[in-house]
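User: Could you take a close look at one helix for me and describe how its neighbours pack around it?

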Amino acid sequence: MKGTITVIEKGTLRVHSYMAPEAGINVTTQLIETPSRLIAVDGQVNVADADEVAEYAKGLGKPLDRLIITHEHPDHFQGAARFNAPIHALPAVRDQMAARGDLRDLNGVPVLAAEVAPTVLITPGTEVIDGVPFVFEAVSGGETADQLLIRLPEHGVMVAQDLVYHQTHVFVGHNDIDRWQVILQDLADPAYETILPGHGLPAGQGVLTEMAEYLQVARELLGDDGQAYKEAMIKRFPTHRIPFIIDIGNYYLFGTRPA
C-alpha cells in the first residue's frame, strides 16, 4: 500500500484514516466504521489513491453507505467516482464542484464532473446513522468559502478535514486567515480528543494550536511575492511536508502556475 492507514478504536466505532502518499499531497480520506456499515469522507486527488482506499474499504466487509465531500477543492473529490457509493455534500459545495467542470488528476487521469457530482444534499443538523449521531455543521470562510464539519459527539471525534492540516504546509489561497483563526478557536473543545485533518495523520487538540501558529506566521510573511513566501515558510517550518500546497495557493493568489 502506498498510502498510510491509521486505525483508531472508539468503542463501537472504528476510524480508518487513509493518508495518501506525498505524490497525492497527503490528502486524507476518513473511513468511519459503525457496527454494520462504512461512511467515507472525502475522495482523494488522484484516482489511483482513491482506488487504493476503496479497495481497503471493501476488505472491511461492510457496505459503504455514502461518500461525503466536505468542500469543493478538487484534491478532495477527484477520485469520488471510484468509491461506487452515493455522494453527499452541502448544496453550496455541490454547486461549486459543478462550476469547476471536467478536470484531470495530478497524473493526468480525466475526471468527469458528471461522475463526481453529489446526488444527495446534506442539511446541517444531527443525523443518526446506524445508531451513531453525526452532527453536520456548515462552516463559512477560512480555507474555502464553504466547508462541512462533522462531529461525532458520543465518540469524541471531530472530522475537520481542511479546517485543519497536520504537519503539512497549508493552502491559504483565499487569504482568509483572520476568519480561519476564529474558526480554530471555535473548534477548541476537550470533549473532542481525536481530530481528523484533511492533510496528514489524525491528531489531538494540540493540532489546533499548531495550525493557529502556522497561520499567524503566514499572515506575517504573505506579501506579493509567492516564491519569497514559499521559501520563508519552508524555512520557518522545515519539518512540514508537501510544499507543493504552497504552490497551489500561490496560483490562486498570484496566478503563478505550480511547476
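Analyst: Happy to! Keep in mind that this is a predicted model. Let's start where α5 passes α6, in a right-handed crossing. The two helices, α5 and α6, pack at an angle of about 145 degrees, and their axes lie 10 Å apart. On the α5 side the contact is made by Y214, V217, A218 and L221, and on the α6 side by Y229, A232, M233 and R236. By character, the residues of this contact of α5 with α6 divide into seven nonpolar and one charged, with no polar ones.

Now for the other neighbour. Helix α6 covers residues 226-236 and helix α7 covers residues 244-254; these two pack at an angle of about 150 degrees, with axes 10 Å apart. Since an angle over 145 degrees counts as roughly antiparallel, α6 and α7 are therefore roughly antiparallel to each other. Their crossing is right-handed. Here G226, Q227, Y229, K230 and M233 of α6 meet I246, D247, N250 and F254 of α7. The residues of the contact of α6 with α7 divide into four nonpolar, three polar and two charged.

What about α6 itself: which of its residues are buried? They are G226, Y229, K230 and M233. These residues cover an arc of only 100 degrees around the axis, which puts them on the same side of α6. What covers the buried residues of α6 includes α5 (206-221) and α7. Y229 and M233 are a good pair to look at in the viewer: they take part in the contact with α5, they also meet α7, and both are buried.

Definitions and conventions. Residues numbered from 1 in each chain as written. Predicted model: local features only at pLDDT ≥ 70, side-chain atom pairs only at ≥ 80, totals over all residues. Heavy atoms only, no water. Axes fitted to C-alpha atoms, helices over the stretch in contact; angles between N-to-C directions. Helix = DSSP H or I, 4+ residues; strand = E, 2+ residues; numbered from the N terminus. Parallel < 35°, antiparallel > 145°, perpendicular 65-115°, else oblique. Left-handed = near helix turned anticlockwise from the far one by under 90°. Contact = heavy atoms within 4.5 Å. Nonpolar A, V, L, I, M, F, W, Y, C, P; charged D, E, K, R; others polar. Buried < 20%, exposed > 50% of the residue type's maximum accessible area, 1.4 Å probe, protein only. Arc of directions from axis to C-beta.
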